[in-house]
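Reader: I would be grateful for a close look at one part of this structure. Please describe it in a single connected account and place it in its surroundings.

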Amino acid sequence: MQTYLHRGDNFDIIAPAGGTTRGMPILIGDLFGVAMNDSGAGETVTIVREGVFSDQPKAAGAAWALGDALYWDAAALTFTKTAANNTRVGIAGDVAQAGDVTGIVIIDRRVG
């Protein structure tokens, strides 16, 4: 098939204002992934659109159970269980306590 490019698990984008750091979640429109590398604003960064990621920023105040639906809060730059005004991007990969500020996230590019 001549029009097929690749699976899409990893995808190159132009880094947003402020650039990226490795492991940083990025949402552009409905395209979500985690940065594979550091980059400056306007440079190319590869995002991983599927997989299990540790130490991801978690909204404090709500506990996670394994398998909970997770959303990206673009204003707070955290994963949350709150659906309103946020984008569904994955599920909780482990239990996290209400006071935790990071968690394990399973990102599935087909979710959302």
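Author: The part chosen here begins at a hairpin that strand 2 and strand 3 form, with 2 residues between them. One residue of the turn, G29, has a positive phi of about 65°. The model is a predicted one, and the account that follows centres on strand 3, its partners and the residue F32.

The pairing of the hairpin comes first. Strand 2 covers residues 25–28 and is joined to strand 3 over 4 bridges, in the antiparallel sense. One of the facing positions is that of I28, whose bridge partner in strand 3 is L31. Strand 3 itself comprises residues 31–35, and 4 of its 5 residues are buried, so this strand is largely enclosed by the rest of the structure.

Strand 3 has a further partner in strand 4, residues 44–48, to which it is joined by 2 bridges; these two strands also run antiparallel. Here V34 stands opposite V48 of strand 4. The residue V48 has a second counterpart, since N10 likewise stands opposite V48 in strand 4. That position belongs to the pairing of strand 1 with strand 4, which is antiparallel and extends over 5 bridges.

Taken together, these pairings give an open sheet of 4 strands in the order 1-4-3-2, with antiparallel pairing. Its edges are strand 1, residues 10–14, and strand 2, each of which pairs on one side only. From one strand to the next, the twist of this sheet averages 45°.

The side chain of F32 leads from this sheet to other parts of the chain. F32 has a relative accessibility of 7%; the limit for a buried residue is 20%, and F32 therefore counts as buried. Leaving aside residues up to four places away in sequence, F32 touches P25, I26, L27, I47, R49, W72, F79, V89 and I107.

What do the rings add to this picture? The whole structure contains 3 aromatic pairs. One of them is formed by F32 and W72: the pair is tilted, with 5.7 Å from centre to centre and 50° between the planes. Because F32 lies in strand 3 and W72 in strand 6 (residues 69–73), this pair ties together parts that are 40 residues apart in sequence. W72 has a relative accessibility of 3% and so counts as buried. W72 also forms an aromatic pair with F79, this one edge-to-face, at 4.9 Å centre to centre and with 65° between the planes. Both W72 and F79 are buried. Through these ring pairs, F32, W72 and F79 are linked into a cluster.

The nonpolar interior gives a wider setting for F32. In soluble globular proteins, nonpolar side chains tend to be buried together. The largest nonpolar core here has 13 residues, and the members that touch the most others are F32, W64, F79, V105 and I107. At least two residues of this core come from each of strand 3, strand 6, strand 8 and strand 9. There is also a second, separate core of 6 residues, including I26, A35, V45 and I47.

Strand 6, strand 8 and strand 9 belong to another sheet. This is an open sheet of 5 strands in the order 5-9-8-6-7, and its pairing is antiparallel. Strand 5 (51–57) and strand 7 (78–80) are the edge strands, each pairing on one side only. The twist of this sheet averages 45° from one strand to the next. Within it, strand 8, residues 87–92, and strand 9, residues 102–107, pair over 3 bridges in the antiparallel sense. One position of strand 9, I107, stands opposite G90; I107 is also among the residues that F32 touches.

A few values describe the chain as a whole. Its secondary structure consists of 9 strands and 0 helices. Buried residues account for 34% of its 112 residues. Of the contacts between residues at least 6 apart in sequence, 47% join residues at least 24 apart. The C-alpha atoms fill a box of roughly 45 × 35 × 25 Å along the principal axes. For 112 residues, a compact globule would have a radius of gyration near 13 Å, and the 14 Å of the protein chain agrees with that value.

Terms used. Residues numbered from 1 in each chain as written. Predicted model: local features only at pLDDT ≥ 70, side-chain atom pairs only at ≥ 80, totals over all residues. Heavy atoms only, no water. Pairing = 2+ DSSP bridges. Axes fitted to C-alpha atoms, helices over the stretch in contact; angles between N-to-C directions. Buried < 20%, exposed > 50% of the residue type's maximum accessible area, 1.4 Å probe, protein only. Phe/Tyr/Trp six-rings, centres within 6.5 Å; stacked < 30°, edge-to-face > 60°. Core = buried A, V, L, I, M, F, W, Y, C linked by side-chain atoms within 4.5 Å. Contact = heavy atoms within 4.5 Å. Rg over C-alpha atoms; globule rule 2.2 N^0.38 Å.
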